[in-house]
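Colleague: I am new to this one, and I would like to understand the words people use for it. Could you show it to me and take me through them?

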Amino acid sequence: MLKFYDKLSQDFTELLESEYNYDTIIEVGEQPDTQLFKVHSAILYQRSSYFQQKLKNTIKGNNVFSIKIPNVSMKTFNVVIKYIYGGVVSLENLETSDIFDLLITFNEFNFSESVDCLQTLLIEDNYLTKFNELFFISIL
């Protein structure tokens with residue numbers, strides 16, 4: 001069997017970046033720090049039970065679904081949406097607290113395989129210990 005996952009992943013990532021024929025706008029963050037993502041409902045629906053529910057409960061206006069996700073940061077959602085489209089999670093330039101936020105968001109969006117990988121990463125690389133140190137220092 002021949003596998004071409006890398007090319008498929010790249011093609012879907014390019015589709016995300018081009019915004020071609022999008023039918024869903026996701027507003028992420030809280031005012032005044034929000035960002036709009038122009039995405040495709042079919043991909044969201046197929047990749048996440050969280051988005052399946054959101055799309056089922058959202059009525060299209062002007063042929064576009066509008067979804068608001070105020071409790072997720074723009075930085076975190078950028079990583080999540082690239083994972084949804086391309087199957088790639090880039091942790092470059094992310095602080096330990098960002099990775100922890102990403103773990104929470106992956107869990108909320110029902111990406112169990114990513115949750116397991118991030119939990120392992122946090123434990124193995126001692127990120128969790130560093131995060132706890134930062135947390136306790138900040139409350140002192």
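Modeller: Gladly! One definition to begin with: an axis is a line fitted to C-alpha atoms, and angles run from 0 to 180 degrees between N-to-C directions. Please keep in mind that this is a predicted model.

Colleague: Why is helix α1 called oblique to helix α4?

Modeller: The axes of α1 (residues 5-18) and α4 (residues 74-86) cross at roughly 130° and come within 8 Å. Angles of 65 to 115 degrees count as roughly perpendicular, those over 145 as roughly antiparallel. The crossing angle of roughly 130° fits neither range, so α1 is oblique to α4.

Colleague: Which residues in α1 and α4 meet?

Modeller: From α1 come Ser9, Phe12, Thr13, Leu15 and Leu16, and from α4 come Ile81, Lys82, Tyr85 and Gly86. The residues of this contact divide into five nonpolar, three polar and one charged.

Colleague: What makes Ser114 buried?

Modeller: Buried means under 20% relative accessible area. Ser114 has 6%, so Ser114 is buried. Ser114 is found in helix α6 (residues 112-124). Leaving aside neighbours within four places in sequence, Ser114 is in contact with Tyr83 and Phe106.

Colleague: How many cavities of 30 Å³ or more are there, and what lines the largest cavity?

Modeller: The count comes to one. About 30 Å³ of space lies in the largest cavity, which is lined by Lys75, Thr76, Val79, Leu94, Asp98 and Leu102. Helices α4 and α5 (96-108) each give two or more residues to this lining, and the largest share, three residues, comes from α4. The lining divides into three nonpolar, one polar and two charged residues.

How values were computed:
Residues numbered from 1 in each chain as written. Predicted model: local features only at pLDDT ≥ 70, side-chain atom pairs only at ≥ 80, totals over all residues. Heavy atoms only, no water. Helix = DSSP H or I, 4+ residues; strand = E, 2+ residues; numbered from the N terminus. Parallel < 35°, antiparallel > 145°, perpendicular 65-115°, else oblique. Contact = heavy atoms within 4.5 Å. Nonpolar A, V, L, I, M, F, W, Y, C, P; charged D, E, K, R; others polar. Buried < 20%, exposed > 50% of the residue type's maximum accessible area, 1.4 Å probe, protein only. 1 Å grid on protein atoms, 1.4 Å probe; cavity = no way out; pocket = protein on both sides within 12 Å on 5 of 7 lines; lining within 4 Å. Points joined across faces, edges and corners; volume = space filled by probe spheres on them.
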